[in-house]
Amino acid sequence: KGKITLQEKKIKQNIRSVREKPTLEDSYRSMRSKLDLSKTSDDDVWDSIQRDIDQFAKANHLGLPDMKRKVSTEDDYFKKYNVGLQAEGKLSDLLTFLSDLVRTKRLYLVDSLRIIPSQDDPDKIKATLNLVRATLKNN
């Protein structure tokens, strides 16, 4: 009786997995498309990072007095492109900028963020942040 109950539970789990397969496959394809740049050069990735940052900063009225490439890192599966930024503008504009970046088809992460009020304008802030863009490593 105990073995039959256990097998019935496994069958129910397998049926649920089969029913959810299309959703799981869609989620997998979506995440893979955010990460997969297997035929893209490092220069192309850096160019697209710069375009994304410039586009969203302009759309959100943020000034970018400083943007620097940092050392890229790799592990067994991912390559991570690190970018240091200084941004100036309204806090709401900075938050929209960050939201726009993380909602792109590419995978951006905010690794660190420091915000201080602007001494010149009380309605504005100065932010220092490190962004990371992760891609699947060329294997």
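Reader: Which residues in α4 are buried?

Author: Asp93, Leu94, Phe97, Leu98, Asp100 and Leu101. Buried means under 20% relative accessible area, exposed over 50%, partly exposed in between (1.4 Å probe, protein chains only). This is a predicted model: local features need pLDDT of at least 70, side-chain atom pairs count only at pLDDT 80 or more, while totals for chains, interfaces and linings use all residues. Residues are numbered from 1 along each chain as its sequence is written, and side-chain values use heavy atoms, without hydrogens and water.

Reader: How do you know that the buried residues of α4 are on the same side?

Author: Take the directions from the helix axis to the C-beta atoms. They cover an arc of only 160°, so these residues share one side of α4.

Reader: What do the buried residues of α4 pack against?

Author: They pack against α3, β3 (78-89), β4 (107-117) and β5 (125-136). Helices (H or I, at least four residues) and strands (E, at least two) are DSSP runs, numbered from the N terminus.

Reader: How do you know that the span of helix α4 agrees with 1.5 Å a residue?

Author: The expected span is 1.5 Å times one less than the number of residues. For the 12 residues of α4 (residues 91-102) that gives 16 Å; the end C-alpha atoms are 17 Å apart, so the two agree.

Reader: Why is histidine 61 called exposed?

Author: Its relative accessible area is 63%, so histidine 61 counts as exposed. Histidine 61 lies in the loop between α3 (42-59) and β1 (63-69).

Reader: What is the phi of histidine 61?

Author: It is near 60°, a positive value in a residue other than glycine. Most residues other than glycine have a negative phi.

How values were computed. Contact = heavy atoms within 4.5 Å.
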